[in-house]
Amino acid sequence: MATLTKINRGSLPMLQLTLPIAMEQLMRILVSSIDTFMLSSYSNSAVAAVGLVSQYVFFLTMLFNVICTGCSIVLAQYLGAEKTKEELNHIVQAAMIMMVIVSLIVTAAVFFGTKPLLGCYELEEDVRNFAWQYFLVYGGIFAFFNGFSFLQGAILRSYGYTSEAMIVSVVANIINVVGNALSLYGWFGLPILGVVGVAAASGVASVVSCIMFAFFIRRRKDVAFSFKGILKVPANSFKLVLKVGVPSAGESLSYNVSQIVVMAMISTLGTYAMSAQVYTQTIARFVFACAVAMGNATQIKAGYLVGAHQSDVAYKKIIKYQMFATAVTMTLMLVANLIKNPIVSLFTDIPEVHSLVCTLLLYSTYIEFGRSLNLLYVGALRGSGDIKFPVFYAIFSNWIVQVLGSYILGIHFGLGIIGFWLGIGTDETTRGLVMFWRWKSKRWQKHALV
């Protein structure tokens, strides 16, 4: 059987893995912020609508991540254990087959389920129409390309090629911004397409991403990615990807569904509250990009080290990574709060919304502290193969601490959106502390896949 050139991937510098992922995250967040800024000049209702359905777009992304995450974790441990290229390719082929099936199901669900779904919300009619348009185009028509873009990117990152994924993200996001401008501002005499054009621009960017990822994968000869024999993939490859992917994505799915419920409760507070939520999340994403990047890199790094039977090395390194990520996150939150007034003014000139966003940014310090712990240790636990504990605890915390806590504080005690922010922050912080305890206990060492 074909073998790979031996590369000690566990010795790859953390900065080499993290920096491109961080740049990719920042680029995506920047473009998302530009999207929101552009939409705010078009219609405040469009901002609220896209913010609402973005929760469902993330939900679909999590479905794709069942496959992507499973494939990524298995590949990282296989690479650390120096498995053959044929064995690596079987994992990739199993993931490709499952992605085709899932993307087709998603397309059908979006086409037939969006209107009934939006009917569950108390929305102004223009907000409802904008939400339907965006979700149908981006979440439905382009679902296949979104799924395969995520999968190809996950494969490249698993091999340590994070720079290529960054390049693809930069190009795709530039296309997205240009498409948004053409759709909203009517440049060159083009018709103003509004929300439909914004959704289509994001979809075209995902098509370009697929093409670029395919080019980079073919160029990297050590990456196992071949269609040959794809109909003869061993059943065990499917089982292994799902064994890891389903529970590991379960945490993200639970979190996203709980966020949808929280957003539904916030929607009863009015359009100003929904807009403030979207603007604050847009700004806060710049802060936790570092923790997200280090969490993703930590998952890859832990997979390499655990696959190579270097668990003691992984144990010490992960704690150092977390301390650095938390320090950076807290510093960025301080800076964000010091300069928040001019930043918020870029998004809205409505005094009530401006005031709400400034207040929420202060409370976001509590959320981001917990998130920096949570992202790092969950990534490390996933990479080590310890999948079930983070999922089960996350489901408990998301619904008991976040949803129920947010309802009690925000609705029952009348704290409004501040109460929701406190509920979210308590969920993130308590989960982060529990995941830290799990890592310190070293119980994850018995869950290696190889």
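## Lys442 and Glu82: positive phi outside glycine

Let's start with Lys442, which counts as partly exposed because its relative accessibility is 34%. You'll find Lys442 in the segment after H14. Its backbone has a twist to look out for: phi is positive, about 65 degrees, even though Lys442 is not a glycine. Keep in mind that this is a predicted model.

Glu82 is another residue to check. Its phi is positive too, near 60 degrees, and Glu82 is likewise a residue other than glycine. It sits in the loop between helix H2 (44–80) and H3. With a relative accessibility of 47%, Glu82 falls short of the over 50% needed for exposed, so it counts as partly exposed.

## How sure is the prediction?

Across the protein chain, pLDDT averages 87, and 96% of the residues score at least 70. Confidence is highest in helix H14 (residues 417–441), with a mean of 95. At the other end, helix H1 (residues 14–42) has the lowest confidence, with a mean of 77. As a rule of thumb, predicted coordinates shouldn't be read in detail where pLDDT is low.

## Two helices, each followed by a glycine

Now for H5. This helix has 16 residues, and its first and last C-alpha atoms are 23 Å apart, close to the 22 Å expected at 1.5 Å a residue. H5 is mostly covered, with 13 of its 16 residues buried. After H5 comes Gly160, which has a positive phi near 90 degrees.

Helix H6 (residues 162–185) can be checked by its length as well. It has 24 residues, which should span 34 Å at 1.5 Å a residue, and its end C-alpha atoms are indeed 34 Å apart, so the two agree. Just after H6 sits Gly186, with a positive phi of about 65 degrees.

## The second largest pocket

H5 turns up again when you look at the second largest pocket, which holds about 310 Å³ of space. Helix H3 (85–118), helix H5 (143–158) and helix H7 (195–219) are the elements that each give two or more residues to its lining.

Which residues lie nearest the centre of this pocket? They are Gln152, Ala214, Arg218, Phe225 and Phe227, out of 15 lining residues. By character, the lining divides into ten nonpolar residues, four charged and one polar.

## Gln299, a buried residue in H9

Gln299 is part of helix H9 (residues 271–307). Is Gln299 buried or exposed? It counts as buried, because its relative accessibility is 11% and the cut-off for buried is under 20%. Setting aside neighbours within four places in sequence, Gln299 is in contact with Thr69, Ser72 and Ile73, and also with Gly379, Arg382 and Gly383.

## Inside and outside on H10

Helix H10 (residues 311–338) is home to Ala336, and Met323 lies in H10 as well. Ala336 is buried, since its relative accessible area is 9%. Met323, by contrast, counts as exposed because its relative accessibility is 53%.

Here are a couple of distances to try in the viewer. Ala336 and Leu375 are 39 residues apart in sequence, and their C-alpha atoms are 20 Å apart in space. Met323 and Gly385 are 62 residues apart along the chain, with 22 Å between their C-alpha atoms.

How values were computed:
Residues numbered from 1 in each chain as written. Predicted model: local features only at pLDDT ≥ 70, side-chain atom pairs only at ≥ 80, totals over all residues. Heavy atoms only, no water. 1 Å grid on protein atoms, 1.4 Å probe; cavity = no way out; pocket = protein on both sides within 12 Å on 5 of 7 lines; lining within 4 Å. Points joined across faces, edges and corners; volume = space filled by probe spheres on them. Helix = DSSP H or I, 4+ residues; strand = E, 2+ residues; numbered from the N terminus. Nonpolar A, V, L, I, M, F, W, Y, C, P; charged D, E, K, R; others polar. Buried < 20%, exposed > 50% of the residue type's maximum accessible area, 1.4 Å probe, protein only. Contact = heavy atoms within 4.5 Å. Expected span 1.5 Å × (residues − 1). pLDDT = per-residue confidence, 0-100.
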